[in-house]
Amino acid sequence: MTTAHAEAVNGTLPHEPEKATLEGRNKVLAFWLFLGGEAVLFGTLFATFLALRNQTNEGPSANELFHLPLVAAATFLLLVSSLTSVFAIQAMHRNRPALLRSWLLVTVVLGAAFLGLEIYEFSEYVRHEEFGMTTSAFSSAFYTLVGFHGAHVAFGILWISVLIGQLVRKGLTVVTAPKIYVSAMYWHFIDVVWVFIFTVVYLLGKVG
Amino acid sequence: MDWLTTVDHKKIAILYLWAGGLFFGIGGLEAILIRIQLIKPMNTFLDAQTFNELITMHGTTMIFLGVMPVIFALMNAVIPLQIGARDVAFPFLNALGFWTFLFGGILLNLSWIMGGAPDAGWTSYTPLSTTTYSATHGVDFYTIGLQIAGLGTLIGGINFLATIITMRAPGMSYMRMPMFAWTTFITSAIILFAFPAITVGLVLLTFDRILGANFFEVGGGGNPVLWQHIFWIFGHPEVYILILPAFGIISEVIPTFARKRLFGYSSMVFATILIAFLGFMVWAHHMFTTGLGPVANALFSVSTMLIAVPTGIKIFNWLFTMWGGQVRFTTPNLFAVGFIPTFTMGGVTGVMLASAPADFQFHDTYFVVAHFHYVIVGGLVLGLFAGLHYWWPKMFGRMLGEGLGKWTFWTFIIGFHMTFFVQHFLGLMGMQRRVFTYLPNQQFDLLNLISTIGAGLMGVGMLFFLANIFLTSRKPADAANDPWEDGRTLEWTIPSPPPEYNFKQTPLVRGIDAFWKEKTAGHKGMTPSEPVGSIHMPSATILPFLMSVGIFIAGLGFMFSRDTFSSEALSFLFNNYIVTGLGLLITFGSMLMRSLYDDHGWHIEPEELEGR
C-alpha cells in the first residue's frame with residue numbers, strides 16, 4: 001500500500017487522483033462532514049437574521065438600503081466562479097495541469113471581484129446610509145451573516161491561491177489532487193450559501 | 001518535548017486525561033467552596049459576587065473542560081484499538097484538537113487572575129451576560145475561551161467520524177462494532193451538528209459585548225430569548241454528547257464482567273441513534289417558562305418524554321445482560337452496576353421536568369440541580385470511573401488497586417447520593433438555585449448540611465482515586481494483554497500499553513465481540529488479515545501546538561481590544577488589533593507550513609517488528 005503510494009506520487013496519475021490514496025479519501029470524507037457542520041453554522045446565522053431582520057431600530061430598513069443591480073452583479077460573478085471551478089476539476093480529471101491552473105486562477109479572480117463588490121457595498125452603507133454594526137439588530141445580523149460569508153470567500157481565495165502555487169512547484173500528484181478537490185467543494189459550498197443569502201437577505205428584503 | 005509534538009492517539013489520550021483531570025479538580029474545588037458557603041443559613045464564607053463566579057466556573061469548567069476531555073481521553077485510547085486501526089484518520093488534527101481545547105481552557109481559567117471570572121451562570125443568559133449587567137471581562141473569557149475549546153471538540157468529532165467510517169479492520173461491519181465505538185460514532189455526529197450552533201451563539205454574544213452589536217440588546221431591537229434558543233439548540237444535544245459515551249462504556253464493562261454478550265445489541269444501536277435524533281428536537285424544554293405558548297410547550301413536553309423509551313430499552317438491556325451471567329464485582333463493574341439505578345433516578349426526574357405544567361413549579365429550583373447532577377455525575381462520571389478503571393491497564397500497563405478502587409466507589413457513590421438526593425426535596429420546598437445564601441428556619445438548614453457533608457465525602461472518594469493512581473504508578477508496568485481475562489474486544493488482543501503501531505498485523509474480524517469469538521473457538525489470538533509488512537507512521541510535529549498558541553494570543557488580543565492600558569505602547573498594540581493580527585498570523589502561518597511541506601511520515605520495517 002505504501003509502495004503503491006510512492007508510485008502514485010512519482011509515476012502516472014490515476015483516473016480520479018483525489019481518491020487514489022486512503023489519505024485522499026479520508027480528506028474528501030472529512031471535508032463533507034466539515035461542510036455538514038458549516039451548514040449548521042450558516043443555518044444558525046440565517047435563523048438569527050430571519051428573527052431580527054425587521055428590527056431596524058429606526059435605522060435604514062432592507063428595502064431602503066439594498067440596490068439589487070449591484071448584488072445581482074456580485075451573484076453573477078460568484079456563480080460563474082463556481083462554474084469555472086467545475087472546469088478546473090474536469091481539467092484535473094483529464095490530467096491537464098496547465099489548464100487546471102488557469103481555471104483555478106479565473107476562479108480566484110472572480111472571487112476577488114465578488115469580494116471587492118461586497119467591500120464596496122459595505123463601505124457605501126457605512127459612509128452614506130449611516131448603517132453600521134451598532135445601528136440596529138437588523139444591521140448586526142446583516143453584517144454578521146453576510147460578513148461571515150465574505151470571510152469564507154476571502155479564506156477560499158487565499159487557500160486556492162496557495163494551491164495554485166503548490167501546483168506550480170509540485171505538479172499534479174495524488175497529494176495535491178485531494179487538496180484541489182476539497183477546495184472546489186468548499187468553493188461550491190460558499191456559492192450555495194450565497195444563493196440563500198441572495199434570496200433570504202436581498203430579495204426578501206426588497207419585497208417586505 | 002515529545003509530548004508537545006506527538007500525534008500518537010494513545011499519547012494524546014493521556015494528554016487529554018491529565019488536562020481533563022486538572023480541570024476536573026479545579027471544578028471540584030469550586031463545588032466544595034460552593035457547598036461550604038451553603039452549609040448554614042446566612043453564611044458569610046463567600047460574598048455574592050464570588051459565589052456567582054464560582055457557580056458559573058464550576059458548571060462551565062466541569063462540562064466543557066472536565067468531563068468532555070476525559071471522554072475524549074477514553075475515545076482516543078480505545079477507539080482505534082477497538083476497530084482494529086493503527087491510528088485515527090487524522091493524527092495531525094487529533095493533536096490540534098487537544099491543543100486548542102487546552103488553550104481554550106487555560107484562557108477561560110485565566111479570568112480568575114485577570115480581572116474576575118464570568119458570573120452569568122454556565123448558560124450565560126442575556127441580558128445578564130451583556131455589558132450592562134456584566135461589566136468586567138469575565139463573560140469575554142467565557143465566550144472566547146469556549147469558542148477556542150469548542151473548536152478543538154469539533155475537530156475531534158470530525159476526526160472520530162472519519163476514523164470509524166474508514167479505518168475499521170477487515171470484517172468489522174457496522175453491526176459488529178463494539179458499543180463504545182458505536183456511541184463514539186453517534187456522539188461525534190451530535191458534536192458535528194450541535195457545536196456550530198454554540199459557535200454562532202458565542203460569536204453573536206462576543207460581537208454584542210465587544211463590537212457593540214445589538215443581537216440581544218432590547219434597546220437596539222435585539223431579542224434576549226434568541227440567546228436561549230441558540231444556546232439550547234446546542235446545549236441539549238450536548239447532554240447527549242456527555243451521556244452516550246457513558247452508555248457505551250457501561251455496555252462494554254457489564255458484558256465483560258457478566259461473561260455474557262450484550263443483551264439486545266441491535267436494539268442498543270438503534271436506541272443510541274434514536275436518542276441522538278430526539279436530542280435535537282427537545283431544546284425548548286429548557287425554556288417552558290419563557291412564554292412559548294401552550295402548543296409549543298406541549299410538543300416539546302411530548303418529544304422530551306419520548307426519549308425515555310430508547311433510554312429505558314438500554315436500562316433493561318443492561319439488566320438482562322447481567323441476568324444469568326457469572327457476574328464479578330470488580331471496581332469497574334461496581335461503578336457500572338452503580339450507574340444503572342443512579343442514572344435511572346436522574347431519568348425519572350427528567351420525565352417529571354418534561355411535563356410543562358409541573359416544570360413551572362420546578363424551574364430554577366434545586367430540584368433541577370438535583371436532576372442534572374444525577375444524570376451527569378450519577379450517569380456520566382460513574383461511567384467515566386468505570387471506563388478509567390477498566391481501561392487503565394490498557395492505557396498505562398498497570399492495574400489500578402482493587403482495594404482502593406472499592407473505597408473510591410463506596411465513598412463516592414454514598415457521598416453523591418447524600419449530596420444530591422436531598423436537593424430534590426430542597427427544590428420542592430422552594431429553595432432557588434444560584435442564590436448565595438438563604439434565611440434560617442425555612443426547613444432548608446438540615447438538608448443543606450447533609451448535602452455539604454456528602455460533597456465532602458465525594459471529595460474523599462476523589463482522594464482515594466488519586467492515591468490509587470499514585471500508588472499504581474510506582475508499580476512495574478506488567479499488565480497482561482487481557483488483564484481482566486474476560487476481554488471481548490480487539491483492544492485486549494495486543495500488549496498493555498500497546499506499541500505505537502497498535503497492531504503488528506491488522507486482525508480479521510469474524511463477528512461481534514471479535515476476541516471472545518476467537519477464544520470460544522479455542523484460539524489464543526486473532527487471525528491476521530495481512531502478512532507482516534512495513535508500517536507507515538505519521539511524523540511528530542509542533543505545528544498543532546503553534547496553531548493553538550496563535551489562536552490563544554488572538555483571542556486575548558481581541559478581548560482587550562477596547563481597553564485603555566496604563567502603558568501607551570500596550571494600548572496601541574491592543575487597540576489597533578496588532579496582538580490579534582499577530583496571533584492569527586501564527587495560526588495561519590502554521591496552516592500554510594502544513595500545506596506547503598508534505599508529511600511523508602516514516603516506516604517501521606518488518607525487521608524492527610521482530611521480537612516485539
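Let me start with chain A, which, read from one end of its sequence to the other, follows the pattern α-α-α-α-α-α-α. In other words, chain A has 7 helices and 0 strands, and its C-alpha trace spans about 65 × 30 × 25 Å along the principal axes. I should say at once that what we are looking at is a predicted model, with an ipTM of 0.94 and a pTM of 0.95. For chain B, to which I will come in a moment, the average pLDDT is 95, and 100% of the residues score at least 70.

Staying with chain A, an unreviewed UniProt entry places the feature "domain: Heme-copper oxidase subunit III family profile" at residues 29-206. Over residues 29-206 of chain A the model is 85% helix and 0% strand, and the C-alpha atoms at the two ends of that stretch are 39 Å apart. UniProt, again in an unreviewed entry, also lists "transmembrane region" for residues 29-50, 70-91, 103-120, 140-164 and 185-205 of chain A. Let me pick out two of these and set the record beside the coordinates. Residues 103-120 of chain A are 100% helix and 0% strand in the model, with end C-alpha atoms 26 Å apart. Residues 140-164 of chain A are likewise 100% helix and 0% strand, and there the end C-alpha atoms lie 36 Å apart.

Now to chain B, where I would like to go through three helix pairs. In general, two packed helices are described by the angle between their axes and the distance between the axes.

Take first helix α10, residues 308-322 of chain B, and helix α11, residues 331-354 of chain B, which pack at an angle of about 160° with their axes 11 Å apart. Because that angle is over 145 degrees, α10(B) counts as roughly antiparallel to α11(B). The crossing of α10(B) and α11(B) is left-handed. Which residues of α10(B) and α11(B) meet? From α10(B) they are B:Ala308, B:Thr311, B:Ile315, B:Trp318, B:Leu319 and B:Met322, and from α11(B) they are B:Val337, B:Phe339, B:Ile340, B:Phe343, B:Thr344 and B:Val351. By class, this contact of α10(B) with α11(B) has 10 nonpolar residues, 2 polar and no charged.

Helix α11(B) also has a second partner to consider, namely helix α7, residues 224-258 of chain B, and here the angle is about 125° with the axes 9 Å apart. That angle makes α7(B) oblique to α11(B), and their crossing is left-handed. On the α7(B) side the contact includes B:Ile243, B:Phe247 and B:Ile254, while the α11(B) side includes B:Pro332, B:Asn333 and B:Phe339. The contact of α7(B) with α11(B) comprises 12 nonpolar residues, 1 polar and no charged. If you compare the lists, B:Phe339, B:Ile340 and B:Phe343 of α11(B) appear in the contact with α10(B) and in the contact with α7(B).

The last pair is helix α3, residues 48-82 of chain B, with helix α6, residues 179-211 of chain B, packed at an angle of about 130° with axes 10 Å apart. α3(B) and α6(B) are therefore oblique to each other, and α3(B) passes α6(B) in a left-handed crossing. Among the contact residues are B:Met68, B:Phe72 and B:Gln82 of α3(B), together with B:Phe180, B:Thr184 and B:Phe195 of α6(B). What classes do the residues of the contact of α3(B) with α6(B) divide into? There are 10 nonpolar and 3 polar residues in that contact, and no charged ones.

How values were computed: Residues are numbered from 1 along each chain as its sequence is written. Chains are lettered from A and ligands numbered from 1 in the order in which they are written. This is a predicted model: local features need pLDDT of at least 70, side-chain atom pairs count only at pLDDT 80 or more; totals for chains, interfaces and linings use all residues. Side-chain values use heavy atoms; hydrogens and water are left out. pLDDT is the predictor's confidence in each residue, from 0 to 100. UniProt positions are given in the numbering used here, feature names are shortened, and annotations may be inferred rather than shown by experiment. Helices (H or I, at least four residues) and strands (E, at least two) are DSSP runs, numbered from the N terminus. Axes are lines fitted to C-alpha atoms, for helices over the stretch in contact, and angles run from 0 to 180 degrees between N-to-C directions. Angles under 35 degrees count as roughly parallel, over 145 as roughly antiparallel, 65 to 115 as roughly perpendicular and the rest as oblique. A crossing is left-handed if the near helix is turned anticlockwise from the far one by less than a right angle, and right-handed if clockwise. Contact means heavy atoms within 4.5 Å. Ala, Val, Leu, Ile, Met, Phe, Trp, Tyr, Cys and Pro count as nonpolar, Asp, Glu, Lys and Arg as charged, and the others, Gly among them, as polar.
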